There are 2 protein chains.
Amino acid sequence: MERLPRLKLINSITGYKPANLIATINGKGQTNVAIISSVVHIGSDPALLGFFMRPMVTERHTMENILETGVYTINHINSDIIEQAHFTSADFERHESEFDKCHLTPVFKDDFLAPYVSESNVQIGMELAEKVDIKLNNTILVIGYVSHLYIEQDAFIIDSGLDLKKADTVCISGLDSYHSVEKIASFPFARTNNLPDFGNR
Amino acid sequence: MERLPRLKLINSITGYKPANLIATINGKGQTNVAIISSVVHIGSDPALLGFFMRPMVTERHTMENILETGVYTINHINSDIIEQAHFTSADFERHESEFDKCHLTPVFKDDFLAPYVSESNVQIGMELAEKVDIKLNNTILVIGYVSHLYIEQDAFIIDSGLDLKKADTVCISGLDSYHSVEKIASFPFARTNNLPDFGNR
C-alpha cells in the first residue's frame with residue numbers, strides 16, 4: 001500500500017482511541033500542549049498511565065519538557081474543544097505555545113509545575129515514573145504516576161468511577177475523526193459462576 | 001480511597017478505551033480468548049501495535065501461548081458480541097477455552113497458527129515483536145507486527161482507512177461499560193498555515 005492510505009489504515013485498526021491533551025512547561029516558563037491518542041491504563045495501585053511519543057517536532061517539545069521538569073498533565077478532550085485540540089498537532093515553532101495558537105488556556109493549580117488545560121473537564125497531574133525506549137521504531141513509552149486529579153463534580157460517582165458521558169469526553173478514530181459516545185451495556189464483574197446463559201438465545 | 005472505588009476510578013480516567021479480544025493457541029491446540037482494553041497504536045511503518053498484560057490468570061494463559069507460538073490475533077468487539085466478550089475475563093480453568101464457555105467461534109485462516117474470532121468484523125493477525133517488562137508494577141507490554149488484516153468489505157475505504165462505525169466496533173469505559181459511537185467532527189491534517197480562525201467565534 002502507498003504511504004498515506006497505509007498510515008490511515010494502521011492508525012484506525014486498534015479501534016476507538018482516547019482523546020487527550022498532554023500539557024507541559026519548560027524551565028523558562030514556555031508552555032506546550034499536544035493532542036495524544038495513545039494514553040493507556042497500566043495499573044491502578046500504584047496508579048500508572050502511559051502514552052507513546054513519536055520522534056516528531058510537536059511531541060519532541062513535550063518530551064523535552066517532561067524530562068526537564070519531571071511532570072506533565074493529561075487533560076480530556078471535551079466536545080467543545082475538539083477543533084482547538086486537533087490543531088495542536090500543527091508544526092509550531094519552539095517559541096510558540098499551542099495554548100496561544102489554538103485558543104486553549106493554561107491554568108496552574110496546587111503548586112503543580114505543569115499547566116492544566118482550563119477548558120478540560122477532567123485534568124490529571126502526572127509525575128514521570130519511567131521512560132521506556134522502544135527500539136523497534138524509535139518511539140518512547142512515557143509512564144507516569146497519577147498525582148492530582150480534578151473532575152467536574154457531577155461526572156464523578158463514588159461507586160462507579162468517572163462518568164465519561166457527563167464529562168463530555170470524546171474519542172478518536174484514525175488520525176482525524178472525533179466521536180461522541182452512548183452507553184449501550186454494562187455488566188457485573190465476570191466470574192465463572194455468574195456467566196449468562198448464552199446457549200439459550 | 002478504598003480499593004474498589006479507586007480501581008474503578010483509575011480505570012476510567014484515561015477516557016474511552018478500544019474494545020478488543022486477543023486470541024491465542026498453545027502447542028497442544030488449546031485456544032484462549034481474552035478481552036483487552038489496552039491495545040495501542042505504536043507505529044505505522046512497520047505496523048506495530050501494543051497491549052498491556054497484568055499478572056492475572058486469564059491474561060497469563062494468553063501470555064504463555066504468545067510466548068510459545070510467537071503469534072496472536074486482535075479482534076474488534078462488535079455490538080452483537082459485547083456480552084460474550086465481557087465474560088471472557090472470568091477466571092476459567094487452564095483446560096477450558098473461553099471460546100466454548102462464552103459462545104465465540106475460533107476460525108483459522110491462511111495457515112496462520114493463532115485463531116481469529118469468527119464473529120468479529122475486524123480481525124488482525126499479529127507476530128510477536130518484543131516483550132517489554134514494566135518493572136514498576138510487574139505488567140508486560142506486548143508489541144507485535146501486523147501480519148494479516150481481515151475487514152468486512154464495506155468497512156474499508158481506501159482514502160480514509162477503516163470505518164469503525166460500519167465495522168460496528170464499540171468502545172469501553174472503566175471496567176464494565178460498553179458504548180456505541182457517533183462521528184461528530186473530522187478535520188484536515190493540522191498545519192500552521194491551515195489553522196482555523198479560532199479568535200472570531
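The largest nonpolar core of this predicted model has 109 residues, and the members that touch the most others in it are Leu21(A), Cys171(A), Leu21(B), Ile22(B) and Cys171(B). Residues of chain A and of chain B thus both appear among these best-connected members. In soluble globular proteins, nonpolar side chains tend to be buried together. Leaving aside residues up to four places away in sequence, Leu21(A) touches Val33(A), Ala34(A), Ile35(A), Asn75(A), Ile77(A), Ala85(A), Thr88(A), Val117(A) and Ser120(A).

Chain A as a whole can be described next. Its secondary structure consists of four helices and 14 strands, and 49% of its 201 residues count as buried. Among the contacts in chain A with a separation of 6 or more, 62% are between residues 24 or more positions apart. The C-alpha trace spans about 65 × 50 × 35 Å along its principal axes. The radius of gyration of chain A, 18 Å, agrees with what a compact globule would have, because for 201 residues that value would be near 17 Å.

Within chain A, seven strands are arranged as an open sheet with antiparallel pairing, in the order β3-β2-β6-β9-β10-β5-β4. The edges are occupied by β3 (31–36) and β4 (40–44) of chain A, each of which has a single partner strand, so one side of each is left without a neighbour in the sheet. On average, and with direction ignored, neighbouring strands of this sheet are turned by 30 degrees against each other. At the β4 edge, β4(A) pairs with strand β5 (residues 47–53) of chain A in the antiparallel sense, and in this region Val40(A) stands opposite Gly50(A) in β5(A).

The contact between the two chains involves 85 residues of chain A and 86 residues of chain B. On the side of chain A that touches chain B, strand β14 (residues 177–186) of chain A gives the most, with 10 residues, and the residues of that side divide into 44 nonpolar, 28 polar and 13 charged. Strand pairing also crosses between the chains, for β14(A) is joined to strand β14 (residues 177–186) of chain B, the two strands running antiparallel. Ala185(A) stands opposite Tyr178(B) in β14(B).

The two strand pairs named above are set out here with their bridges and facing residues.

| Strand pair | Bridges | Sense | Residues standing opposite |
|---|---|---|---|
| β4(A) and β5(A) | four bridges | antiparallel | Val40(A) and Gly50(A) |
| β14(A) and β14(B) | nine bridges | antiparallel | Ala185(A) and Tyr178(B) |

Conventions: Residues are numbered from 1 along each chain as its sequence is written. Chains are lettered from A and ligands numbered from 1 in the order in which they are written. This is a predicted model: local features need pLDDT of at least 70, side-chain atom pairs count only at pLDDT 80 or more; totals for chains, interfaces and linings use all residues. Two residues are in contact if their C-beta atoms, placed from the backbone, lie within 7 Å. Ala, Val, Leu, Ile, Met, Phe, Trp, Tyr, Cys and Pro count as nonpolar, Asp, Glu, Lys and Arg as charged, and the others, Gly among them, as polar. Two strands pair if DSSP finds at least two bridges between them. The radius of gyration is taken over C-alpha atoms; the globule rule is 2.2 Å times the number of residues to the power 0.38. A residue is buried if 20 or more other C-beta atoms lie within 10 Å of its own, exposed if 12 or fewer, and partly exposed in between; C-beta atoms are placed from the backbone. Axes are lines fitted to C-alpha atoms, for helices over the stretch in contact, and angles run from 0 to 180 degrees between N-to-C directions. A nonpolar core is a set of buried Ala, Val, Leu, Ile, Met, Phe, Trp, Tyr and Cys residues joined through C-beta atoms within 7 Å.
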